Amino acid sequence: MKRAASNSARPSPALDDSPVGWDLRLYVAGRTPKCVTAFNNLQKLCEEHLAGQYRIEVIDLLENPTLAKGDQILAIPTLVRKLPEPIKKIIGDLSNTERVLVGLDLRPRV
Amino acid sequence: MLFVGANRHAAPAFPPGAKGNKLLDGAAINYLHNPKLEIVSSQQSPQGKPIIVTQSSRGQSGRRPGTISKCLSGIAGLDEVTGGGLPRGRASLICGSAGSGKTQLAMEFIARGARDLNEPGVFMSFEESEDELKSNVRSLGFDLDDLIERKLVALDFVAVERSEIEETGEYDLEGLFVRLQHAIDSVGAKRVALDTIESLFSGLTNTSILRAELRRLFRWLKAKGVTAIITGERGDGTLTRQGIEEYVSDCVITLDHRITDQLSTRRLRIVKYRGSTHGTNEYPFLITDSGISVLPITSLSLNHAVSDERVSSGVSRLDTMLGGQGYYRGTTILLTGTAGTGKTSLAATFVDAACRRGERCLYMAFEESQDQIIRNMWSIGIDLQPHVKKGLLKFHASRPTFYGLEMHLLVTHMLVEEHHPVIVVVDPVTNLVNAGSTMDVHAMAMRLVDYLKGRGITALMTTLTGGGRNLEQSEVNISSLIDTWLLVRDIEADGERNRGLYILKSRGMAHSNQIREFRLTDRGIDLLDVYLGPEGVLTGSARLSQEAKTQAAETERQENAQRRLLEIEAERKSLAAQVSALEAKISLQDKELHALASRQAAQLQRRETDATAMARSRQADDGLTPRPKPVREKTKGAR
C-alpha cells in the first residue's frame with residue numbers, strides 16, 4: 001500500500017516544478033513503534049529542510065513483501081532516497097537528525 | 001552418546017537401552033541403505049512443525065521413537081556420514097574457509113531437494129547474485145530457471161552495500177524476515193539456505209542488533225519447521241568469523257580445503273550433530289561435474305559376503321596352479337614384480353578373459369594411457385579394443401599426482417557406481433605413493449580393498465617393486481590385506497633375464513608351490529615348467545640347452561637300446577642257424593648209421609650164403625655148421 005505523503009498541501013506539484021525534487025521512500029513493517037518514530041522524525045525533518053520539494057512514500061512490507069527485493073530492504077525502518085541520485089539508504093528510526101541530514105547529503109560529512 | 005559443545009540438557013533423550021550409541025553402528029547403516037525405507041507422510045501439524053512419519057520394514061533398524069527426524073540432503077555420501085541427512089526442521093551450520101564449497105553444498109541441498117526429493121526450497125544469497133548462482137549450478141546439471149518456473153525454488157539475493165547505508169537509531173531486520181517469509185510462502189519451502197549470512201556483519205555496524213536479530217532469525221526458522229543450512233566463513237580459532245555457531249547448535253559441519261605436499265584435498269567433518277550419531281572422521285569430498293560427493297573413509301565393518309565361485313585368471317596353467325580353477329570371485333589379487341616383468345600383461349589377460357565371458361571390467365591405469373595399454377597388449381595377442389567398444393571394459397587413466405589419494409579413491413568409487421564392474425584392476429597401486437605418504441597409500445589401499453570386497457568385486461592390483469629390495473615385501477605393505485599374491489620376478493643367469501612366476505600365497509585354496517617360467521609370446525602369456533635338475537633351476541636358453549642336452553641323451557639311449565636289440569636278434573639268428581646245421585648233421589649221421597647197419601646185415605647174409613655155397617661145393621652134410629669141418633676133423637684126427 002502506498003500511503004501518500006501526509007502533507008497533502010504540498011504534494012507532487014513541487015516535484016514537477018523543480019528538477020531537483022526529493023523522492024523519499026520509507027519502508028516499514030506494520031505500525032511498530034520504531035516505524036512510527038521514524039515516520040514522525042522524517043516528516044519533521046523534511047518540513048524543516050526540504051519544505052515544498054519532497055515527496056514521501058511509505059511502503060508497508062507486511063502488505064507488499066515483494067517490494068522489499070527491489071530496493072534491497074533488509075533493515076526496518078529504512079529510508080531510501082530515490083531522487084536525487086545516487087540512491088541513499090538510511091536505516092533506523094531516524095532519531096539522530098544530524099546523521100540523517102548527512103545521509104541525505106543535506107549536510108557535508110565531517 | 002557423544003555431545004559436542006554446550007547445551008547438553010537440550011539433547012533429546014534416547015529410550016533406555018536404545019542401540020545407536022556407537023558411532024555409525026550397523027543398525028544405523030542398515031537404516032541408511034534400506035531401500036524400503038520411505039517417507040509415508042509428510043504434513044504440517046497445527047503448530048506449523050512438520051510431522052514426518054517414516055516407516056521401515058526392518059522395524060528395529062528403522063527410526064527409533066524419540067530420535068530426531070532427518071532430512072535427506074540428496075548429496076552423495078553426506079547422508080551416509082550424517083546417518084540419514086540433516087536434522088529436519090532445524091538449522092545446520094556449514095562453515096569453512098573461502099573456496100571450501102559451502103555455497104556449493106548449500107545450493108545442492110536446495111536444488112536436489114527440489115528436483116529429486118520433492119521438497120521446495122529457498123536460497124537466500126548474501127554474496128552472489130541470482131544470475132551468478134544460476135550459471136554456477138547449470139554446469140552441475142541443475143536448471144534453476146526451470147525449478148523457479150515450476151515454483152520449486154525461490155532465489156533471493158540480498159545485497160548489503162555499506163557505502164549506501166547510513167545508520168541512525170534503532171532498527172531491526174524485519175525486512176529480511178519479510179523477504180524470507182515471502183520466499184518461503186511463494187514455493188511452500190521446506191528447505192532454506194542462507195549463504196553467507198555473516199556478510200551482514202560487514203554491511204551493518206551495529207553488531208548487537210545484528211546478533212539479536214540473527215538469534216531471532218534462527219528461532220524463527222525453527223518455528224517455521226524448515227530445514228535450514230546456514231553457511232559461515234571460518235574464523236581465526238572459531239568455527240565462524242562472527243561466532244554464529246553459538247546460535248545454530250543442532251548440527252555443525254566444517255568444510256576444509258587442505259594442501260599437503262602440493263596436493264589439495266577437500267575434507268568434510270561433522271563437528272556436532274545434536275541428538276544423533278554421526279561419523280566423526282574427516283571425510284574427503286570431491287566437487288565433480290555432478291556435484292559434491294562425500295566419501296566415508298573407513299569401511300563400516302569386516303563382514304563381506306564371500307563367494308565360492310572361481311574366476312579364471314585367463315592363463316590356463318595359472319588356473320591350474322591356483323587349485324585348478326583360478327581365483328575366488330570377490331577376492332583381491334596382488335601382483336608384485338620388478339619393472340618389465342609382465343604385470344600389466346597378466347592384468348590385461350585377466351581382463352580380456354573376463355570381458356570374453358561378458359563381464360564388466362574397470363581398469364585404473366596410473367602409468368600408461370588407454371591407447372598405450374591397448375597397443376602394447378595387442379603386441380602379445382590380446383585385443384582389448386573390442387571390449388572397450390562394447391562398453392564392457394572401461395579405462396580410467398590418470399596421473400597419480402593429478403589429485404590427492406582420497407580423490408583417487410573417490411574417483412574409483414564413482415566409477416564403480418557408474419560402470420558396475422565385477423573386476424577392477426589398479427595398475428599399479430604403488431604409483432599412488434607419488435600422491436601421498438606410504439602410510440596414506442596403505443590406508444587408501446585398505447579402504448579400496450575393503451570397498452571392492454564389500455561389493456563382491458574381484459580386484460587385481462599390481463605393485464612395482466624396486467630392484468634390489470626385498471621382493472616379497474610390497475611397497476605399500478598391503479600384502480596382509482590381499483588374498484592371492486603372485487610374484488613375477490626376473491631370474492638372472494647366464495647373461496639372461498627370464499621371468500619366473502610364483503604364488504606367494506592364495507588363501508583358501510590348494511595352490512602350487514612351484515615356480516613357472518613366465519613367457520610373453522605373440523599369442524599371449526605362456527607358463528612353462530622350469531628345468532629342475534642336478535644343475536638347479538634353469539630358465540630361458542639355459543633351460544632350452546639343458547632340454548636339448550636331455551633330448552640328445554635320450555636319443556642316444558634309445559639308439560643304444562635299439563642297437564643292442566638288433567645285436568641280440570642277430571646272435572639269436574646265428575644260434576638258430578647253428579642249431580639247424582647240427583640237426584642236419586645228426587640226421588645225416590642217422591642215415592649213415594642206418595646204411596651201415598643194413599650193409600652189415602647184408603654182408604652177414606652174403607657170408608652165410610657164401611658158406612653154404614662153399615659147403616655145397618665141398619659136398620658137406622646138410623645141417624652142418626657153416627664152420628669148416630675140416631678144422632674139427634683135423635682136431636679129432638689128431639686125438
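**A walk from the core to a long helix**

This is a predicted model, in which local features need pLDDT of at least 70 and side-chain atom pairs count only at pLDDT 80 or more, while totals for chains, interfaces and linings use all residues. Residues are numbered from 1 along each chain as its sequence is written, and chains are lettered from A in the order in which they are written.

Let us begin with helix H15 of chain B, residues 540–618 (helices are DSSP runs of H or I, at least four residues, and strands are runs of E, at least two, numbered from the N terminus). H15(B) is hardly covered: 3 of its 79 residues are buried, meaning that 20 or more other C-beta atoms, placed from the backbone, lie within 10 Å of their own. Those buried residues are B:Gly540, B:Ala542 and B:Arg543. Just after H15(B) comes B:Gln619, with a positive phi near 60 degrees.

Now turn to the largest nonpolar core, with 162 residues. Such a core is a set of buried Ala, Val, Leu, Ile, Met, Phe, Trp, Tyr and Cys residues joined through C-beta atoms within 7 Å. Helix H10 of chain B (residues 343–356) gives the largest share, 8 residues. A:Leu26 is one of the members that touch the most others.

Chain A also holds a cis peptide bond, from A:Ile76 to A:Pro77, with omega near -5 degrees. A:Pro77 sits in the loop between helix H3 (67–70) and strand S4 (78–83) of chain A. In chain B, another cis bond joins B:Asp427 and B:Pro428, with omega about -15 degrees.

Note on methods:
Buried ≥ 20, exposed ≤ 12 C-beta atoms within 10 Å, placed from the backbone.
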